[in-house]
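Colleague: Could you take me closely through one part of this model, the contact between the two chains? I would like a single connected account.

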Amino acid sequence: MSDLQVIQQALQRAARRGRWLRAWRGLWQGFLIGAVLWLVFLGCYKVLPLPAPTLAVAGAAALAMVPLGLLWSGRRAVTLAEAARWVDLHENFQERLSTALEVAGRPQAGHWGSLLLADAAVCARKIDPRRLAPVRLPRASHWTLLTLAVALGLGFVPEYRSQELRKKRLDAEVIKYTGERLAELTRHSLEQRKPVLDNTQQRLDAVGQLGEHLAKATVSRADALKDLASLTDKLKQDARQLAQNPAYKRLEQAARGTGGEKNSPANARMQKQLDEIQKALGKNPAAPEALDQLKKELQKAAQAAAGLANKDSAGDSQAKDQMSQSMANLAQQAKEMGLSLPGLEDAIQALQAGQADLLVRDLNAALTDLEKMKEMAQAFQQMQQQGEKLGKDLAEQLEMGQAQAAQGTLEIMILALKGGALNPEDLKRILEQVAKAVGPAKDYGKVADFLKKAVGEMQQGKGGPAAENLAAAAKELERLLAEAGDLESLKASLEAMQKASFCIGTGQSWMSGLRPGQRPGSGRGKPGKGGFGTWVDEEGWLEYPEISDLWENPPDDRGALDPRSALDRGEGQLADNLDPTKLRGQLQPGRSMPGISLKGVSIKGTSTVEFKEASMAAQSEAQNALSQDQIPRAYQGAVKGYFDDFNNLKK
Amino acid sequence: MNTEQQIAAFRQLYTALRAEIGKVMVGHETIVEGTLAAIFAGGHVLLEGVPGLGKTLLVRTLGDILDLPFSRIQFTPDLMPADILGTNLVMETGDGRKEFQFQKGPIFANLVLADEINRATPKTQSALLEAMQEKSVTAGGEMRKLTEPFFVLATQNPIDQEGTYPLPEAQLDRFFFKLVVGYPSASELTEVLTRTTETSQPKASRIVQRDTLMEMQQLIRQVPVATHVKDYAVRLVLATHPKTETAAPIASQFLRFGSSPRGAQALVLAGKVRALSQGRFNVSFDDLQAAVLPALRHRLILNFEAEAEGLTTDQILQQILKDVPKDKSLAPAAS
């Protein structure tokens with residue numbers, strides 16, 4: 001290897017080392033720049049009203065500085081000439097390497113070139129890259145750590161934010177979240193059921209759009225409340241208009257009743273469960289009491305089997321025989337009840353085979369099956385009792401607002417009338433049923449007219465025209481049902497809008513805020529109070545029907561907990577359990593209402609607050625008081641009406 | 001003789017010269033080395049120091065060692081240019097005719113000692129200008145070349161200012177080195193006393209022939225200098241130029257004029273001599289730094305502020321050495 005090669009090789013190693021070291025230093029410099037950047041942004045964030053994502057962006061930029069520093073510093077390779085000069089300087093080689101490298105490249109270097117190369121090669125052999133440039137933390141690392149320590153300290157310093165800004169930010173968050181929820185609920189509602197009436201569709205679309213607008217745009221609290229109030233008024237107006245139809249009262253009552261509509265979702269679910277239970281228990285399911293008796297006997301047999309397993313099998317054949325006999329009797333009983341207990345049959349076989357362990361196991365399995373069957377029988381019994389609440393005939397069904405059941409009854413009648421082979425007794429029975437239903441059908445608009453006509457036709461023996469009239473009545477009922485569905489949708493939207501107004505007005509989030517009309521304390525029970533809590537939808541977790549089937553107490557079956565609307569009762573009329581005479585103190589119906597101080601605005605003296613703002617604040621405060629039962633039930637209607645009138649005054 | 005042998009011969013000669021001068025001169029290593037560097041580089045030397053420090057002795061010793069014609073000129077206020085250069089005299093020829101003939105002055109030697117050069121008038125001092133730069137003398141309308149090598153070794157006394165004339169800048173610039181002779185140390189003074197107050201007087205012997213010296217001068221010029229080393233010399237000189245982009249801050253503040261290109265030439269040549277004398281084949285940054293003070297101190301002109309503050313050019317140059325980095329390019333991982 002020539003002197004020049006020796007020098008070049010040594011310098012290449014040094015250059016590589018130098019490049020890595022430069023990149024290492026660049027990494028720390030980038031880290032330092034990033035740390036300073038972060039510190040500056042953190043400082044700014046602490047004193048200026050910068051949005052929170054600024055910190056995330058600054059953090060990302062700061063972190064990006066580290067690889068950037070590494071790449072930037074290590075991007076360029078170190079040339080041999082540079083490396084030579086660096087090594088000369090670092091190792092005090094008196095510029096031997098750099099001069100030799102330069103002169104060796106000259107054509108006229110001559111003898112001087114050889115002398116220089118030989119001299120430099122001696123130095124090159126002494127080069128040890130590790131010793132030349134040991135890896136150590138550069139000075140920038142100390143400053144970086146210091147900066148990070150300062151930034152860490154600054155992290156504990158509380159942010160300076162004005163009260164106004166914090167409130168504004170909180171309001172914006174609440175408005176955004178409320179808007180999202182409102183839009184989501186409306187979308188979900190529309191997906192579940194498309195309104196029949198165009199007006200309802202438009203209103204629901206408007207609610208969805210308002211929700212999206214609140215979620216996306218930066219809207220002030222006042223504007224948001226104004227928009228919500230405006231749309232709420234429209235929804236109320238529409239709901240009132242629809243509710244004027246007396247048929248809806250019936251339908252609503254039926255929907256809220258324990259049994260509900262036959263074909264309502266709850267009843268459909270119930271029917272499905274009934275079918276499943278019947279499938280499992282047979283055509284004539286046994287009574288739960290009989291199953292309980294059978295279970296007790298099986299338990300005795302299981303205990304005896306356990307005792308048998310512990311004894312010596314050789315000396316106890318008599319006990320085996322007795323057990324075999326009793327198990328055969330049990331199997332016979334189960335068969336008579338229409339039950340299928342494969343575990344019991346396996347147990348008999350195990351006993352005959354003398355396998356005591358298997359016997360115990362199979363008997364336990366049979367017990368478990370029997371327990372399940374008993375529970376199912378109990379559920380079946382309960383469901384049957386609920387099903388009995390359905391109307392017996394058309395008149396009762398219409399009376400109880402069971403429109404779909406009535407529709408079904410009408411369809412059976414239509415089929416019978418159209419069949420033509422109807423004997424006079426049957427016709428008379430239908431005629432009586434329809435005539436009886438004319439009275440209750442008056443609340444259903446044209447239904448009564450169609451029924452009357454059908455009665456007339458049937459009295460004249462005209463089965464065909466009577467069937468047509470009954471079909472028209474059924475169609476009218478269907479229309480009414482659809483419109484009632486629209487009313488329900490409107491009311492649900494109205495409720496959501498009121499909750500949105502409440503949340504935005506009081507600055508509470510959708511989740512933590514109580515729904516308007518929802519009774520506080522009806523939740524999971526409060527410590528220190530008697531009784532037990534009831535699971536209610538405080539956090540919206542029941543709003544997902546696809547999973548509500550999974551728990552035993554679906555919301556549809558808890559009519560007693562549902563709030564009653566103004567349609568259920570007249571002014572001043574309350575449910576039994578809300579009888580105001582039960583209240584202590586001076587709160588008596590008919591007397592003047594005690595004063596309730598509202599924190600919103602002072603109503604005394606001259607105020608500089610605009611009416612609109614004052615009325616909105618008062619409204620939301622009143623809404624809050626209503627929601628939290630601060631106002632006695634007896635006066636809630638009056639308070640609500642009083643503050644609702646503010647909207648008219650604003651107009 | 002090949003280059004390697006020449007280099008070996010140079011080192012041998014240099015060592016011998018140092019030893020021979022050391023027989024007569026006590027201490028003053030820097031002065032001796034500076035003088036030898038100037039001689040091998042073919043430059044003139046201005047020795048400045050108070051009387052009695054051995055300036056003249058050093059030059060006389062060099063005259064003894066070098067086998068070169070030596071002349072001494074004692075500069076006095078009434079010394080005229082013709083007394084240095086020579087003059088045309090009316091001479092009688094062999095056939096009885098009379099004609100002007102040029103009578104050569106003491107400048108026509110290889111080694112000229114200009115003792116107390118600042119005592120002569122500027123007119124007389126200027127007589128040396130042409131000789132020192134072009135190595136020729138023009139008198140009576142005729143130019144006469146001086147024989148190579150030609151060295152002027154001048155001395156001057158910095159304290160006795162009455163009746164003296166400061167050397168003009170053009171004259172100063174022609175000196176390769178200005179060496180400031182300081183006081184000897186105690187041990188050196190003891191040695192001086194021993195050598196000069198006893199019976200035996202040390203005498204230097206003649207060891208260098210003219211041709212050898214000329215060869216060595218040629219060899220010195222062949223020593224290679226790397227580009228970045230030359231660049232350092234340039235940056236050092238440019239840093240002395242006040243009010244320029246390259247000026248060092250201290251130069252802009254305290255200097256009226258900086259070094260001429262002769263300063264850079266002196267730096268590199270002196271560096272070459274030092275490199276070779278130290279056994280290297282290349283010039284290093286350290287070689288240039290060692291030559292900065294003697295090569296540049298007489299080429300800088302202080303401004304009023306520096307004079308008022310009592311600053312010297314040496315102090316300014318030392319600051320410039322600190323300010324100007326050795327290698328301008330970024331080292332890969334220099335800490």
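Modeller: What follows describes the side of chain B that touches chain A, and then one loop of chain B. The model is a predicted one, and the description should be read with that in mind.

Chain B brings 27 residues to the contact and chain A brings 23 residues, and between them the two chains bury about 2300 Å², of which 59% is on carbon and sulfur atoms. On the side of chain B that touches chain A, at least two residues each come from helix 1 (3-24), helix 9 (210-222), helix 10 (227-238) and helix 13 (285-296) of chain B. The residues on that side of chain B comprise 15 nonpolar, seven polar and five charged. Although charged residues are present there, the count of salt bridges between chain B and chain A is zero, while nine residue pairs, both members at pLDDT 80 or more, are in polar contact between chain B and chain A.

Helix 1, one of the contributors named above, is also one of the two elements that flank a loop of chain B, the other being helix 2 (29-41), and His28(B) lies in that loop. His28(B) takes a positive phi of about 55 degrees although it is not a glycine, and with a relative accessible area of 12% His28(B) is buried.

Definitions and conventions
Residues numbered from 1 in each chain as written. Chains lettered and ligands numbered in written order. Predicted model: local features only at pLDDT ≥ 70, side-chain atom pairs only at ≥ 80, totals over all residues. Heavy atoms only, no water. Contact = heavy atoms within 4.5 Å. Buried area = accessible area lost by both parts, 1.4 Å probe. Salt bridge = Lys/Arg side-chain N within 4 Å of Asp/Glu carboxyl O. Polar contact = N/O pair within 3.5 Å; in protein donor to acceptor, adjacent residues only side chain to side chain. Helix = DSSP H or I, 4+ residues; strand = E, 2+ residues; numbered from the N terminus. Nonpolar A, V, L, I, M, F, W, Y, C, P; charged D, E, K, R; others polar. Buried < 20%, exposed > 50% of the residue type's maximum accessible area, 1.4 Å probe, protein only.
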